[in-house]
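Let's work through a few short exercises together. Keep the sequence and the 3D view open, and try each task before you read its solution.

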Amino acid sequence: MKVILRAILITLPILFFTFFYLYINEDKYYPGADFRTFEMPIFEINNLYDESNISNNDLRGTYLINVWASWCITCRVEHGFLSRLSNEGIPIIGLNYKDKKDDAISWITKFGDPYQLIIHDLKGELALDMGVTGAPETFLLHNGNVIAQYRGEVNKMIWKDVFIPVIEKEEIFNND
């Protein structure tokens with residue numbers, strides 16, 4: 001009986017740590033990734049710079065939509081990577097989330113503007129309709145549909161492991 005108990009006491013922790021190790025190191029697992037496809041919500045909202053209206057009809061083709069705010073520390077961390085993507089020809093639309101207009105413009109002026117346009121979502125209504133839980137979040141929009149979403153900082157690893165497989169599968173950014 002003692003031998004069985006001793007074997008169980010040794011085996012259980014080993015199994016637990018083995019499972020936990022494999023679970024954490026699984027390359028395809030990202031808790032912030034969502035691959036459900038849904039239509040971009042219908043909206044009409046102001047451009048950050050000139051108060052002109054932007055609607056979902058203005059978002060044809062393929063874009064990243066990046067939810068950001070001047071008060072978001074992680075947004076600052078990912079900003080350099082977004083600038084790099086923009087310089088490589090990836091079109092990015094900024095969705096400024098629950099931010100004062102002056103603060104957002106100052107932030108963009110200070111750190112650079114990787115966005116083709118910036119939607120100013122002061123009250124967070126569009127973000128709520130898109131399922132945003134906070135900033136930063138990034139959506140891959142193709143032909144009016146969101147086909148991938150990531151909650152959190154987009155960096156080289158997330159881009160490679162979350163977005164690139166979808167981009168390759170859908171054969172986008174090559175033909176646009």
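**Exercise 1. Write down the order of helices and strands along the chain, then judge how spread out the chain is.**

Step 1: Reading along the sequence gives the pattern α-β-β-β-β-β-α-β-α-β-α-β-β-α. Helices (H or I, at least four residues) and strands (E, at least two) are DSSP runs, numbered from the N terminus.

Step 2: Counting up, the chain has five helices and nine strands.

Step 3: The radius of gyration, taken over C-alpha atoms, is compared with a globule rule of 2.2 Å times the number of residues to the power 0.38. For 176 residues the rule gives 16 Å, but the chain has 20 Å, well over that value, so the chain is more spread out than a compact globule.

Step 4: Along the principal axes, the C-alpha atoms fill a box of roughly 80 × 35 × 30 Å.

A word on the source: this is a predicted model, where local features need pLDDT of at least 70 and side-chain atom pairs count only at pLDDT 80 or more, while totals for chains, interfaces and linings use all residues. Residues are numbered from 1 along each chain as its sequence is written, and side-chain values use heavy atoms, with hydrogens and water left out.

**Exercise 2. Sort L15, I93, S55 and F111 into buried, partly exposed or exposed.**

Step 1: Learn the cut-offs: buried is under 20% relative accessible area, exposed is over 50%, and partly exposed is in between (1.4 Å probe, protein chains only).

Step 2: L15, in helix α1 (residues 2-24), has 52%, so L15 is exposed.

Step 3: I93 sits in strand β6 (residues 92-97), and its 0% makes I93 buried.

Step 4: S55 belongs to strand β4 (residues 53-55); with 14%, S55 is buried too.

Step 5: F111 is part of helix α3, and at 24% F111 counts as partly exposed.

**Exercise 3. Find the contacts of I93, S55 and F111, leaving out residues up to four places away in sequence.**

Step 1: Look for contacts, meaning heavy atoms within 4.5 Å.

Step 2: I93 touches L59, Y63, L64, I65, N66, Y115, L117 and I119.

Step 3: The partners of S55 are F43 and E44, and those of F111 are R76 and H79.

Step 4: Now take the whole chain: of the contacts between residues at least 6 apart in sequence, 72% join residues at least 24 apart.

**Exercise 4. Which members of the largest nonpolar core touch the most other members?**

Step 1: A nonpolar core is a set of buried Ala, Val, Leu, Ile, Met, Phe, Trp, Tyr and Cys residues joined through side-chain atoms within 4.5 Å.

Step 2: The largest core has 29 residues, and L64, W68, L85, L140, W159 and F163 touch the most other members.

Step 3: At least two residues of this core come from each of β5 (62-68), α2 (73-87), α3 (101-111), β9 (145-151) and α5 (156-170). Helix α5 gives the largest share, six residues.

Step 4: Zoom in on L85: its partners are L64, I90, I92 and W159, again not counting residues up to four places away in sequence.

Step 5: A second, separate core has 19 residues, including Y63, I93, L95 and L141.
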